[in-house]
Amino acid sequence: MHMNEKGLSEKEIFSYLEHVKSEDTDYYKVLSSMCTRPHKIAVEAHRMFIEANLGDLGLFAGAHRLEREVVMMLGELLHAQSVNAQSAETPSGRPGEGSIYGYLTTGGTESNIQAVRGMKNLATAGKKIVGTPNIVIPESAHFSFDKVANMMGIEVKRALLDSEFKVDIVSVKSLIDANTIGLVGIAGTTEFGQIDPIEKLSKLALDNELFLHIDAAFGGFVIPFLENPQPFDFKVPGVTSIAIDPHKMGLSTIPSGALLFRSPSFLDSLRVSTPYLTTKAQFTLTGTRSGASAAATYAVMKHLGREGYRKNVQYCMQLTEKLVKGARKLGFEPLIEPIMNVVALRVPNPDLVREQLLKRFGWNVSITRNPRSLRLVLMPHNTARDIEEFLQDLKKITAEI
Ligand SMILES: *Cc1c(COP(=O)(O)O)cnc(C)c1O
């Protein structure tokens, strides 16, 4: 593909774009993704703020206001408010602007990188570390922590999982040493949809004066809307930061992630001076960043409200139950009783089943790493009819294998 000397007409461009877009999924028969079609109102808001750059806040005060409002709403959702209400900074009990600390990222990866970067900066400033600092994460952690391990100059230790695919607290404990600066817990593991024992991790973190980052990239917009939510957020005293992705179950547009901190010292530790912008400093990882994402997330959160998200989660959980019930009838058990809308199914030869599902019936499913099983994510773009059809196709394929 060359860049042509003379420009093409809009018509030519769009005819090519239409053609290329037909190769993209419209999410039909996608059971492998944690992203989904964004809500219509998010798309419209995104378009409206398409040129807004949150990397230069002074020029985009409006988009920045939306970012702060989203951070406030997310903070409230994740119980940062009650935490702040107890702190001396907000004697009124109601946080004022800026009393919830965080910003909108490009997604879970950036949030995780920045959370660990903050830990590293604070820990190395605070306590004497001889040798390489380390963090302890669950073996089930998202691959973004491979990037963290690769770029951050710290050691990433992986704790074993228990029989329910939660991180094993004894294993975490055994990995903590004098150079450990923080722990990571996952609220909604990418592969199993499991929630780590956050309260136990919190106790370990407090006892050992460690930071505790919770990766709720997926679960952040699920767990609060379940019938009996497990404590995973700032309500748990040892939790120091949380990653939550509006572009997954938050139904916002890509790229929409968020990183929230319990204390402003975290944000301060990420500060870099920005001499030629309208603001003096930046604490984000990326420089130029999308104000459109802030507008999209604001719009969909305000439009759906808690009720809308609760319905969304209920819908996905109904699909999940339907799938598990049907799979059991075929003789396939889930690895764990689903906590959220992620199912890992024990089927014979999962890699071959996956391949056949795609090749013969067009289903996109994925595979868990250890043990290998069929991984299915039930998202708002899926329907009850899809699930019935999927089960029939799964039956055909597994009968032949
Ligand atoms: C999706 C996911 C991530 C990565 O998020 P991106 O938005 O793809 O960067 C990190 N952690 C968990 C638990 C996830 O589910």
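Guide: In this account, helices (H or I, at least four residues) and strands (E, at least two) are DSSP runs, numbered from the N terminus. The model is predicted, so local features need pLDDT of at least 70 and side-chain atom pairs count only at pLDDT 80 or more, while totals for chains, interfaces and linings use all residues. Residues are numbered from 1 along each chain as its sequence is written, and side-chain values use heavy atoms, without hydrogens and water.

Visitor: Where is P255 placed?
Guide: P255 is joined to I254 by a cis peptide bond, with omega at about 0 degrees. Two strands flank the stretch that holds P255, β6 (241-244) and β7 (257-261). The place of P255 is therefore the loop between β6 and β7.

Visitor: Which residue that is not a glycine has a positive phi of about 60 degrees?
Guide: The residue lies in the loop between β6 and β7. At 8% relative accessibility it counts as buried (under 20% relative accessible area; over 50% is exposed and in between is partly exposed, with a 1.4 Å probe and protein chains only). The residue with this phi is L251.

Visitor: How many of the residues of β7 are buried?
Guide: On one side of β7, G257, L259 and F261 are buried. On the other side A258 and L260 are buried, so both faces are covered. The strand is largely enclosed by the rest of the structure, because the buried residues number 5 of the 5.

Visitor: Which residue of β7 is the bridge partner of Y103?
Guide: Strand β1 (residues 101-105) and β7 pair in the antiparallel sense over 5 bridges; pairing needs at least two bridges found by DSSP. β6 also pairs with β7 in the antiparallel sense, over 4 bridges, and there S241 has F261 as its partner. For Y103, the partner in β7 is L259.

Visitor: In what order do the 3 strands of the open sheet stand?
Guide: The edge strands are β10 (342-345) and β11 (366-367), each pairing on one side only. β11 pairs with strand β12 (residues 374-377) in the antiparallel sense over 2 bridges, and I367 stands opposite L374 in β12. The order is β10-β12-β11.

Visitor: What is omega for the peptide bond from N370 to P371?
Guide: P371 is found in the loop between β11 and β12. The bond that leads to P371 from N370 is cis. Its omega is near -5 degrees.

Visitor: Is Y27 buried or exposed?
Guide: Y27 lies in the loop between α1 (10-21) and α2. Y27 has a positive phi of about 80 degrees although it is not a glycine. Its relative accessibility is 17%, so Y27 counts as buried.

Visitor: Which residues is A45 in contact with, leaving aside its neighbours within four places in sequence?
Guide: A45 is in helix α2 (residues 40-48), and its relative accessible area of 11% makes it buried. Contact means heavy atoms within 4.5 Å. By that rule, A45 is in contact with A295, A296 and A299.

Visitor: At roughly what angle do the axes of α10 and α12 cross?
Guide: Helix α10 (residues 291-329) and helix α12 (residues 384-400) have axes that come within 10 Å. The crossing is right-handed. Residues in the contact include Y315 and L319 of α10 and A384 and I387 of α12. The axes cross at roughly 20 degrees.

Terms used. Axes fitted to C-alpha atoms, helices over the stretch in contact; angles between N-to-C directions. Left-handed = near helix turned anticlockwise from the far one by under 90°.
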